[in-house]
Amino acid sequence: MENDDYINVTIELDDMDITSAETKITYDEIKKYVAENNAGMKVSNLYISQVKRKCGIEVGKNYNLPKNEDSRQPQCPEDKESAIVEALKHFKMNS
């Protein structure tokens with residue numbers, strides 16, 4: 001049985017949502033954007049993950065768990081949180 005029928009399909013990608021690959025911005029890229037746009041401000045991976053969680057963005061598993069349950073984690077200051085949120089918007093990870 002021979003199949004000589006073909007279907008040509010055109011898909012317009014302009015109307016599609018961004019793919020998961022497009023949302024894979026690294027923490028280093030976020031740090032660089034924050035520093036370049038906020039007078040050299042430095043942000044930690046901890047602060048970035050805290051802000052991502054707060055914005056409902058999935059983050060990977062934390063393997064650097066505290067050794068005892070009483071230890072406290074520093075919380076991201078408001079100025080750094082604003083800078084990180086702006087970076088996430090720039091990279092289209094947050095609206």
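This passage walks through the helices of a predicted model, how they pack, and a few residues that stand out along the way.

Starting with the overall layout, the protein has three helices and zero strands, so reading along the sequence gives the pattern α-α-α. The chain runs to 95 residues, of which 25% count as buried. Among contacts with a separation of 6 or more, 69% join residues that sit 24 or more positions apart. A search of the whole structure for disulfides turns up zero. As for cysteines, Cys-55 is partly exposed, because its relative accessible area of 29% falls between the 20% and 50% cut-offs. Cys-76, at 14% relative accessibility, counts as buried, since that value is under 20%.

Helix H3 makes a handy starting point for the packing. H3 covers residues 78-90, and its 13 residues should span 18 Å at 1.5 Å a residue. The end C-alpha atoms of H3 are indeed 18 Å apart, so the span agrees with expectation. The buried set in H3 consists of Glu-81, Ala-83, Ile-84, Val-85, Ala-87 and Leu-88. These buried residues pack against two partners, helix H1 (27-37) and helix H2 (45-54).

Glu-81 deserves a closer look, as a glutamate on that buried list. This residue lies in helix H3, and its relative accessibility is 19%, which means that it counts as buried, the cut-off being under 20%. Setting aside neighbours within four places in sequence, Glu-81 touches Val-51, Lys-54 and Cys-76. Of these contacts, Cys-76 is itself buried, at 14% relative accessibility.

How do H1 and H3 meet? Their axes come within 9 Å and cross at roughly 115°. That angle makes H1 roughly perpendicular to H3, and the crossing is right-handed. On the H1 side, the residues involved are Ile-30, Tyr-33 and Val-34. On the H3 side they meet Ala-83, Ile-84, Glu-86, Ala-87, Leu-88 and His-90. Another link between these parts of the chain runs from Asn-37 to Ala-83: the two are 46 residues apart in sequence, yet 8.2 Å separates their C-alpha atoms in space. Asn-37 belongs to helix H1 and is partly exposed, with a relative accessible area of 44%. Ala-83, by contrast, is one of the buried residues of H3.

The pairing of H2 with H3 comes next. Here the axes are 10 Å apart and the packing angle is about 70°. H2 and H3 are therefore roughly perpendicular to each other, and H2 passes H3 in a right-handed crossing. From H2, the contacts involve Tyr-47, Ile-48, Val-51, Lys-52 and Lys-54. Those residues meet Lys-80, Glu-81, Ile-84, Val-85 and Leu-88 in H3. Ile-84 and Leu-88 thus turn up in the H3 lists for both pairings, with H1 and with H2. Both residues are also among the buried ones of H3.

Within H2 itself, the buried residues are Tyr-47, Ile-48, Ser-49, Gln-50, Val-51 and Lys-52. What covers them includes H1 and H3. Among these buried residues, Tyr-47, Ile-48, Val-51 and Lys-52 also appear in the contacts that H2 makes with H3.

That leaves the backbone outside the helices, where a few residues take a positive phi. Ala-39 lies in the loop between H1 and H2, and its phi is near 50°, a positive value in a residue other than glycine. Ala-39 is exposed, with a relative accessible area of 83%, because anything over 50% falls in that class. H2 is followed by Gly-56, and here too phi is positive, near 80°. Further along, Lys-92 sits in the segment after H3. Phi of Lys-92 is about 60°, again positive although the residue is not a glycine. Like Ala-39, which is exposed, Lys-92 counts as exposed, with 59% relative accessibility.

Key
Residues numbered from 1 in each chain as written. Predicted model: local features only at pLDDT ≥ 70, side-chain atom pairs only at ≥ 80, totals over all residues. Heavy atoms only, no water. Disulfide = S-S within 2.5 Å. Buried < 20%, exposed > 50% of the residue type's maximum accessible area, 1.4 Å probe, protein only. Helix = DSSP H or I, 4+ residues; strand = E, 2+ residues; numbered from the N terminus. Expected span 1.5 Å × (residues − 1). Contact = heavy atoms within 4.5 Å. Axes fitted to C-alpha atoms, helices over the stretch in contact; angles between N-to-C directions. Parallel < 35°, antiparallel > 145°, perpendicular 65-115°, else oblique. Left-handed = near helix turned anticlockwise from the far one by under 90°.
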